[in-house]
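The following exercises ask the reader to work through a structure step by step. Each task is followed by its solution.

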Amino acid sequence: MLDPTIRLHVVTGKGGTGKTTVAAALALALARDGGRVLLAEVEGRQGLAQVFGRAPLPYEATELARSGRGSVHGLAVEAKAALLEYLDVFYRLGRAGRTLERLGAIDFATTIAPGLRDVLLTGKVYDALRQRADGRRGDGPPAWDAVVLDAPPTGRIARFLNVNDALAGLARMGPIHGQAESIMEMLTSATTAVHVVTLLEDMPVQETCDAVAELARLRLPLGAVLVNQVRPALLTEADLADAAGSGLTAADVGPDLLAALEAAGVAIHGTGYEMIAALLDEAAQHARRVSGEREQAERLLDLEMPIVDLPQLPGVAEGMDVTALHALADVLVAVSRPAPSQPHPQPSPVTR
Amino acid sequence: MTGGVTGEVTGALAIDSLLDDPQLRVVVCTGSGGVGKTTSAAAIALRAAERGRTTVVLTIDPARRLAQSLGLAELDNTPRPVAGVDTTAGGSLAAMMLDMKRTFDEVVQAHSSPEKAQQILANPFYQSLSSSFAGTQEYMAMEKLGQLRAQTDPATGRPRWDLIVVDTPPSRSALDFLDAPDRLGSFLDSRFLRLLSAPAKAGSRAYVRVFSAMAGGLSGVMNRILGAQVLTDVQAFVAALDTMFGGFRQRAEQTYTMLAGRETAFLVVAAPEADAVREAAYFVERLRAEDMPLAGLVVNRVTGAGAVPLSAAEATRAADAAVSPAREVLLVHARRMHRHDAEARVMQRLSRLYPPVPAAVIPARPIDVTDLDSLRSIAADLAQGRPIPAAPAVV
């Protein structure tokens, strides 16, 4: 997961799975040992500012957090700014760039022809990876030890990452062709890893499987499946089986429940039967949910990719804060440490 | 609209009176990804059909099992009747999945001569634009909506669809189609387009002179950036599209007018999570800024308080005093109540929207929605118009 030879971590996932949170935690984990990590978003949502509790990010790398001995810097990539910058840097189009803007060409490129947006966004990531610490060209140390990209969702990820292939096919020669090919080369090399964030629910898992198949077909290098918001089962295995069937009955558990409620000073209505029935019904729902989640976990095993479980943290519904991000980063650091050699290695509780 | 079907709570969404209103012809479900938009659209369409309306649901990218439950085995861009729908009230349900490329191809074919259409369809720039580039989906969803709205029954000459339910693509750009007429308009009137389309009309040598004269060496710059062959392809594409653009623009304007009118209802779909709630608030504000007919908010997968009047703190206290498995049963309830309380706090942002938006919350289900029965039960929950719960006091 934290392999230092990987310089670009692309994080995708179905909407609602928490890919921005996971991307942020991954960036913090990568920075722990003293790296400078760039965390980039490309969808204009200002999601990074939100998870770090910051004002909207400008179009330049801004330090978001210190992590261990390193630091994480955020960048909200914006297509229009990227295009003007690109024209300026590569073609020194100071004035002509403005002419293009006046003619509506910049608007055309970034809105009417929306695919060009993806070209510009991936281009900016490519530039960040090639940027040198001293700001010059050449072989100096890179400005960023790693780049984490909070990428478009699973439904769009293959198209997004492959846009330069489409472009290289369109522009069959010339500088754009060359640039598009270089970007594709970077994205398909062993220094890139595409991670997919999912929840243990049918639709996110289905989209994960579909996206992985599509990415593999395009020869884009796969990283890990990150299972977010994993909650431990509360009942024992035997009780889960009972609750899912009808083995956990009011006759068995009812007296204990009532005794506990009374001991806690809770007012019990009537015989308390309705309360017991409702609590047992919730336990049955819990058991069904757990068994559904296990089915989904099985499907993920078929992908034959490393799987990392990220625990659900308290208060996740209310949004993440930086403390929670660091806690998730701890989990990522823990699962990435090479396991000490043991005669009979035990599966760790968090990695499967 | 105020007052739910129960008549108890102001600010609740009354979906049935909305669906029963014969003036309503289009329901657009919008919201960020992963909030259950497609499921909501399917459930609403099913309910409308079973309440007597001839309904079609247009989905953009349904989850495989949901598609199967609607009988959509393939993506073929044509409405297919859904089996298993109760038609005793005189309604029916058809469903279709949007095929973006095919819709685009059909637009080209409908608006140009066969020869020209062939030219456009074979153009490499067109092929990329219509299939591989993001954003085209938003435009094509609206194009398809316009087409469905215009379809008539050949026997009666009356509209084929009494009600169209559509979900929007899963991205923040889902509302980009609202800008489509403006964008197309300013683009079509732009000098850039005229520059691009000039050469194919005037011949390439003349073009270089015209282009150079007009833009002061711009063509050289463009050639340097794009490569000459790209520019030629783009020019051929733009010139070929030129003839159909008028029709396209007119259609986009018609669709926009329809969306802004009384016959349409927008529903913003959300889930009780911080991100989804923030996005929902954005969608509400955006629709209001555009004067679009916002009918209400649907909040999916809300953890109910359950039938037990027992707070998280009480359940935890009782668990401490309990033996297994009573202890774990109480912890299950405590976890549920923690979640319920957190969600209620997150949803307050939606209660605070001003002016208030009628809302309905739909309880979470232990298993995923994969068949018509579960869609029906979701629709029934929606029709209850449960309001957003009040936030518990922070202890």
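**Exercise 1. Assess the confidence of the prediction for chain B.**

Step 1. Chain B has an average pLDDT, the predictor's confidence in each residue from 0 to 100, of 79, and 71% of its residues score at least 70. This is a predicted model, in which local features need pLDDT of at least 70, side-chain atom pairs count only at pLDDT 80 or more, and totals for chains, interfaces and linings use all residues. Residues are numbered from 1 along each chain as its sequence is written, while chains are lettered from A and ligands numbered from 1 in the order in which they are written.

Step 2. Next, consider the elements, where helices (H or I, at least four residues) and strands (E, at least two) are DSSP runs numbered from the N terminus. Among the elements of chain B, the highest mean pLDDT, 96, belongs to helix α1 (residues 15-20), and the lowest, 45, to helix α10 (residues 204-215).

Step 3. The pLDDT is below 50 over residues 199-218 of chain B, a stretch that has 24 contacts in the model beyond near neighbours in sequence. A contact requires the C-beta atoms of two residues, placed from the backbone, to lie within 7 Å.

Step 4. For the complex, the predictor gives an ipTM of 0.82 and a pTM of 0.81.

**Exercise 2. Describe the sheet of chain B and the helix that lies across it.**

Step 1. Chain B contains 16 helices and eight strands. Eight strands form an open sheet of mixed pairing, in the order β3-β4-β2-β5-β1-β6-β7-β8 (chain B). Two strands pair if DSSP finds at least two bridges between them.

Step 2. β3 (80-81) and β8 of chain B each have a single partner strand, so one side of each is left without a neighbour in the sheet.

Step 3. Within this chain, strand β1 (residues 26-30) and strand β6 (residues 264-270) of chain B are parallel and share five bridges. Val27(B) has Ala265(B) as its bridge partner in β6(B).

Step 4. Helix α13 (residues 274-289) of chain B lies across β1, β6 and β7 (294-302) of chain B, at about 160 degrees to β6(B). Here axes are lines fitted to C-alpha atoms, for helices over the stretch in contact, and angles run from 0 to 180 degrees between N-to-C directions.

**Exercise 3. Determine how strand β1 of chain A is covered and paired.**

Step 1. A residue is buried if 20 or more other C-beta atoms lie within 10 Å of its own, exposed if 12 or fewer, and partly exposed in between; C-beta atoms are placed from the backbone. In strand β1 (residues 8-13) of chain A, six of six residues are buried.

Step 2. In a regular strand the side chains alternate between the two faces of the sheet. On one side of β1(A) are Leu8(A), Val10(A) and Thr12(A), on the other His9(A), Val11(A) and Gly13(A), and both faces are covered.

Step 3. β1(A) pairs in the parallel sense with strand β5 (residues 146-150) of chain A over four bridges, with His9(A) opposite Val148(A). β1(A) also runs parallel to strand β6 (residues 192-198) of chain A, joined by six bridges; there Thr12(A) stands opposite Val196(A).

**Exercise 4. Locate the nonpolar cores.**

Step 1. A nonpolar core is a set of buried Ala, Val, Leu, Ile, Met, Phe, Trp, Tyr and Cys residues joined through C-beta atoms within 7 Å. The largest has 90 residues, and those touching the most other members include Ala45(B), Leu46(B) and Val165(B). Helix α2 (residues 37-50) of chain B supplies the largest share of this core, eight residues.

Step 2. A second, separate core of 82 residues includes Ala24(A), Val163(A), Leu170(A) and Ala211(A).

Step 3. Beyond its neighbours within four places in sequence, Leu46(B) has contacts that include Val85(B), Leu93(B) and Leu372(B).

**Exercise 5. Identify the unusual backbone geometry.**

Step 1. The peptide bond between Ser324(B) and Pro325(B) is cis, with omega about 0 degrees. Pro325(B) belongs to the loop between α14 (312-320) and α15 (326-351) of chain B.

Step 2. A cis peptide bond also runs from Tyr354(B) to Pro355(B), with omega near -5 degrees.

Step 3. Glu304(A), although not a glycine, has a positive phi of about 55 degrees. Glu304(A) is exposed, with 9 other C-beta atoms within 10 Å.
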